[in-house]
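Welcome! Let us take a walk through this fold together, one step at a time.

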Amino acid sequence: MDKNAIVIMKSQFDSIAHYDEESQIEFWYARELQNVLDYTEWRNFLKVIEKAKTACETTTHAASHHFVDVNKTIEMPKGAKKEVPDLKLTRYACYLTAQNGDPRKNEIAFAQSYFALQTRKQEFIEDRINLLRRFEARARLSKSETLLSKNIYERGVDDKGFGRIRSAGDAALFGKSTAEMKTQLDVKKGRPLADFLPTLTIAAKNLATEMTNYNAEEKDLYGETSITNEHVGNNTAVRGMLEARGIRPEDLPPAEDIKKLERRVKSDEKKLAKDTGFKNKI
C-alpha cells in the first residue's frame with residue numbers, strides 16, 4: 001500500500017468520525033464504515049460485525065458498551081425517507097470489525113491500524129501496517145515450515161534431519177550458516193532466526209520452503225539427501241533472484257524481536273478497549 005493510498009484512506013476515515021457529547025468519545029456509524037471498507041451489501045457487513053461482537057465478549061468487554069443499536073433516516077427516491085437499523089461503533093468496535101473483515105481488502109489492513117492507534121498520524125499508521133504485514137509473513141512461514149516437517153517425516157526424515165535440511169537451506173539463502181546469522185543478528189539461544197528477520201527475508205524463506213513442499217510431493221522425493229538438495233536448490237534460486245535486484249539477504253538489518261511486537265500489539269488492544277466505550281447505552 002503506497003503513501004498516496006494511505007493519505008486518501010485516512011481522509012475518508014477521518015471524514016466519517018463523529019463525537020458523542022454524553023459519553024465524550026469518538027464513534028463511527030456502521031453504515032458509513034461499511035462504505036469506506038468497500039462492502040456493498042449491508043447483510044454481508046453485518047455478519048462481520050456479529051463476529052466482532054463475539055470477539056468483544058471473549059475479551060470480557062461488554063459488546064453493548066461498544067456496539068450500540070440505533071435507527072438512521074436515509075433519503076429514498078422522489079424525496080421519501082426511510083428509517084433503517086444502524087449501529088454506533090466505538091474505536092474498539094471498529095478495530096474488532098476490521099480484524100474480522102476480508103483480509104484481502106487494502107481498506108481492512110488500513111482500518112486495523114487506523115483504529116488501533118490513539119493518534120492517527122499518517123506515519124504511525126504506515127508503520128503499523130508494515131508491522132502487520134510482518135506478522136502475516138511470519139505466520140505464513142511457520143505454516144509452510146510445519147507442513148515441510150510433516151511432509152518429510154512421511155518421506156523418511158526425522159526431526160534432526162528436518163533441522164539439518166532447514167539449516168542447509170539457510171546456508172544457501174544467506175551464504176552463512178544459521179548459527180552465524182544468529183550471531184550476526186544477536187539472536188538469543190533457543191529463539192528462531194526468523195523472529196528477527198525483516199519482512200522481505202521472511203517472505204524469501206517462505207517462498208523457498210513452499211517450493212520445497214511442492215516439489216517434494218510433485219517429484220515424490222524420499223530421504224534426507226534428495227530433499228536437502230531440493231531445498232538448497234530452491235533457496236539458491238531465491239537468493240539469485242534477490243541478488244539480481246541488488247539485495248543480499250545477509251546484509252539486511254535485523255528487525256525488532258517479533259515477540260516484543262506481539263506483546264506491544266496486545267497491550268495496545270487492551271488500552272484501546274479500556275479507553276473507549278459508551279458510558280451509557282444510547
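The paragraphs below go from the sheet to the helices, with a stop at a ring pair on the way. Please keep in mind that this is a predicted model.

A good place to begin is the sheet. Four strands make it up, arranged in the order β1-β2-β4-β3, and the sheet is open, with antiparallel pairing. Strands β1 (17-20) and β3 (67-75) are found at the edges; each has a single partner strand, so one side of each is left without a neighbour in the sheet. If you follow the sheet from one strand to the next, the twist averages 40 degrees.

Now look at how the strands are joined. Strand β3 and strand β4 pair over nine bridges in the antiparallel sense, and here you can find Lys72 standing opposite Val84 of β4. Strand β2, made of residues 25-29, also pairs with β4, which covers residues 81-89; this antiparallel pairing runs over two bridges. Trp28 has Leu89 in β4 as its bridge partner.

Trp28 deserves a second look, since aromatic rings are our next topic. In the whole structure, a search finds nine aromatic pairs. One of them joins Trp28 and Phe115 in an edge-to-face arrangement, with 4.9 Å from centre to centre and 90 degrees between the planes. Why does this pair tie together parts that are apart in sequence? Trp28 belongs to strand β2 while Phe115 belongs to helix α5 (residues 106-116), so the two parts that the pair connects are 87 residues apart in sequence.

From the sheet we can step across to the helices. Helix α4, residues 91-99, lies across β2, β3 and β4, and its direction is at about 95 degrees to β4. Two other helices can be followed from here.

The first stop is α3, which spans residues 42-58; its axis and that of α4 come within 8 Å and cross at roughly 115 degrees. That angle makes α3 roughly perpendicular to α4. The crossing is right-handed. On the α3 side the contact is made by Phe45, Val48, Ile49, Ala52, Ala55 and Cys56, and on the α4 side by Tyr92, Leu96 and Thr97. Sorted by character, these residues are eight nonpolar, one polar and no charged.

What is the angle at which α4 and α5 pack? Their angle is about 155 degrees, and their axes are 8 Å apart. The two helices are therefore roughly antiparallel to each other. In this case α4 passes α5 in a left-handed crossing. Arg91, Cys94, Tyr95, Ala98 and Gln99 of α4 meet a set of α5 residues: Ile108, Ala111, Gln112, Tyr114, Phe115 and Ala116. This contact divides into eight nonpolar residues, two polar and one charged.

Helix α5 also has a meeting with α1 (residues 3-15): the axes come within 11 Å and cross at roughly 65 degrees. Here α1 passes α5 in a right-handed crossing. From α1 the contact takes in Ile6, Met9, Lys10, Phe13 and Asp14, and from α5 it takes in Asn106, Glu107, Phe110, Ala111, Tyr114 and Phe115. Among the contact residues, seven are nonpolar, one is polar and three are charged.

To close, return to Phe115. This residue forms the edge-to-face pair with Trp28, takes part in the contact of α5 with α4 and is also among the α5 residues that touch α1.

Terms used:
Residues numbered from 1 in each chain as written. Predicted model: local features only at pLDDT ≥ 70, side-chain atom pairs only at ≥ 80, totals over all residues. Heavy atoms only, no water. Pairing = 2+ DSSP bridges. Axes fitted to C-alpha atoms, helices over the stretch in contact; angles between N-to-C directions. Contact = heavy atoms within 4.5 Å. Parallel < 35°, antiparallel > 145°, perpendicular 65-115°, else oblique. Left-handed = near helix turned anticlockwise from the far one by under 90°. Nonpolar A, V, L, I, M, F, W, Y, C, P; charged D, E, K, R; others polar. Phe/Tyr/Trp six-rings, centres within 6.5 Å; stacked < 30°, edge-to-face > 60°.
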